Amino acid sequence: MNPKRNREEKLFRILMVAALVLVFASLAGIILVVAMKGLASLNLSMIIETPKGGYYLGKEGGIANAIVGSLYLVTGATILAFLISLPVALALQKEYIGRRAAAITRLVLDILWGTPSIVYGAFGFVIMVYLGIRASLLGGIIVLTLLMIPIMARAMDEAVRLVPFELKEMAYAMGATRVETTLAVVFRQALPGICTGVILAFGRGIGDAASILFTAGYTDEIPTSLMDPVASLPLAVFFQAGTPVPEVQARAFAAALILLAIVIIVNLIARLLGWRFSKHIVR
Amino acid sequence: MAHIQIQQLRVSYGSLPVLNDINLEIPDRQIVAIIGPSGCGKTTLLKSMNRLLDLNEDVSVTGSILLDGVNIYDPAMDVTCLRKRVGFLPQRPYPLPMSIFENVAFGPRIHGLSVLSAGGGGKQAEKSLVEHYLRLAGLWDEVKDRLDEPAAKLSIGQQQRLALARVLSIEPEVILADEPTSALDPVSAKLVETQFKLLKENYTIILVTHILRQARRLADYIVFLYMGDLIEHKPAAVFFSAPDDEKTKAYISGEIS
Ligand SMILES: Nc1ncnc2c1ncn2[C@@H]1O[C@H](COP(=O)(O)OP(=O)(O)OP(=O)(O)O)[C@@H](O)[C@H]1O
Ligand SMILES: [Mg+2]
């Protein structure tokens, strides 16, 4: 190999390794810092109790309201977003809406994806005021759903697009209808990618504070109905980190640690599922 | 047994004409080979016969193809029924993303065939159906102990026979095969060829091939296409011993390919 090609090879290796290291280091760094600052205040009552003294300021009790609240919010939103995103992604196949309409839809989804979540929050708030709905679990779920749809639908769409046309042609050639082809072939083949889409959207949903700031409201209690206001982990972090009290700030890191743990666990479960689902994939 | 008649068929992709005025009557219960140089329109002609061409967006088809006297390009035609009667075996045997068993059961399920079969449906009837078609395709002995495994794990040669089992499972009257052995090793190719010879008792088989020797070995009837034109079609023996057209002679002798 001549020296120039050799240098090229080396340079690229260095670049790639450096970039990879940065990726791993950033996750490790985040976990480390959050754990160092939050681990001291993390205890069982943090997880199972609701805050004492109101607005997390009592330095006592826990953030069960925010944990359960976030799980309520994001579970509801993930389910709703899935029910909407999957048909959208499947409809984007050319045998349904055609290339032109699909391109336009993708543009719309990408713009929605790029829209800041605070805008979703403000939009949701305006609509809720107009309809006379209070900030509530329902409001939060709806706004989060809207926030999650573009990312979920586009990720699923990319997975659906990767299904080889010849594979679909096989099913059509056997006399399958569009629905049969879509469910038996496209859905199955794209299933791991569809899982990834759900996870990406879940991640965006559970970590987002701005969209639910005005729409989900705040409470120290665990909501018992869709119309109750609801607390959430990102806002628990935000409010507590914003206080001047060091003990409360430390509890913000404990809340962040819990949020991080949920994200990691859900991702691992999803990987496991995705791996099982990929058994029948045709390459 | 379905009878196919092609009348004044013209196909173009966008503004590119690919088939010009094809008139052809397909003899029944024979192996018909469509031969011709690459790009002459063999696949297109084959796919026109079960309307797989419809899946291309910018394709336009004029003329008619009669299946037992009924024009398959009639807007009232039920395409799923048509494709059930005229099965298709592709060049590359994509297995469906499911188990070996489900690959063969898929067709009967969507067309409700296992319900009609002996035993009145149910799991047992489906099992015997799947076994029956895997045997027909000469694959049963190799897969009988691993029916629940992903079909994608099979070798290419096995996948092609699985594809054959899948086509047979919808109980078609005609089988269209697009270079069914081109992706296969010689042994697997021989296996598939053997299956075809057995199958022609009951099916009309239309086979695209660019291997002249294969056409000689297998075909009873030859259709020769050249740049979108139907040059010559006649019984294989006559075609190879006494071709009429200069282009045919040149193609058989290997001067054009
Ligand atoms: N989807 C398509 N869009 C546009 N043009 C196409 C399409 N499919 C085929 N063609 C063109 O139509 C012509 C005939 O193609 P076809 O696939 O029928 O040829 P073939 O005889 O099967 O060739 P081969 O032996 O290489 O498989 C070729 O010129 C090809 O480029
Ligand atoms: Mg071809």
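Two strands count as paired here if DSSP finds at least two bridges between them. With that in hand, welcome to this predicted model. This briefing looks at two parts of chain B: a set of antiparallel strands, where S1(B) meets S4(B) and S4(B) meets S5(B), and the surroundings of ligand 1, to which helix H1 of chain B gives the most residues.

**Strands of chain B**

- Strand S1 of chain B covers residues 4-13 and runs antiparallel to strand S4, residues 59-67, with eight bridges joining the two.
- Within this pairing, B:Thr62 in S4(B) is the residue that stands opposite B:Arg10.
- S4(B) also pairs with strand S5 of chain B, residues 70-71, in the antiparallel sense, this time over two bridges.
- One place to look is B:Leu66, whose bridge partner in S5(B) is B:Asn71.
- S4(B) and S5(B) make a hairpin with two residues between them, and B:Asp68 in the turn has a positive phi of about 50°.

**Around ligand 1**

- The residues surrounding ligand 1 include B:Tyr13, B:Val18, B:Asn56 and B:Glu179, along with B:Ser38, B:Gly39 and B:Gly41.
- Helix H1 of chain B, residues 42-48, contributes three residues to this shell.
- Sorted by class, the shell holds six polar, three nonpolar and two charged residues.

**Polar contacts with ligand 1**

- The side chain of B:Thr43 has an N or O atom 2.6 Å from an oxygen atom of ligand 1.
- For B:Lys42, a polar side-chain atom lies 2.7 Å from an oxygen atom of the ligand.
- B:Cys40 takes part through a backbone N or O atom, 3.3 Å from an oxygen atom of ligand 1.
- Taken alone, ligand 1 exposes 640 Å², and the protein buries 63% of that.

Methods. Residues numbered from 1 in each chain as written. Chains lettered and ligands numbered in written order. Predicted model: local features only at pLDDT ≥ 70, side-chain atom pairs only at ≥ 80, totals over all residues. Heavy atoms only, no water. Helix = DSSP H or I, 4+ residues; strand = E, 2+ residues; numbered from the N terminus. Near = heavy atom within 4 Å. Polar contact = N/O pair within 3.5 Å; in protein donor to acceptor, adjacent residues only side chain to side chain. Areas by Shrake-Rupley, 256 points an atom, 1.4 Å probe, with all protein chains shown as cover. Nonpolar A, V, L, I, M, F, W, Y, C, P; charged D, E, K, R; others polar.
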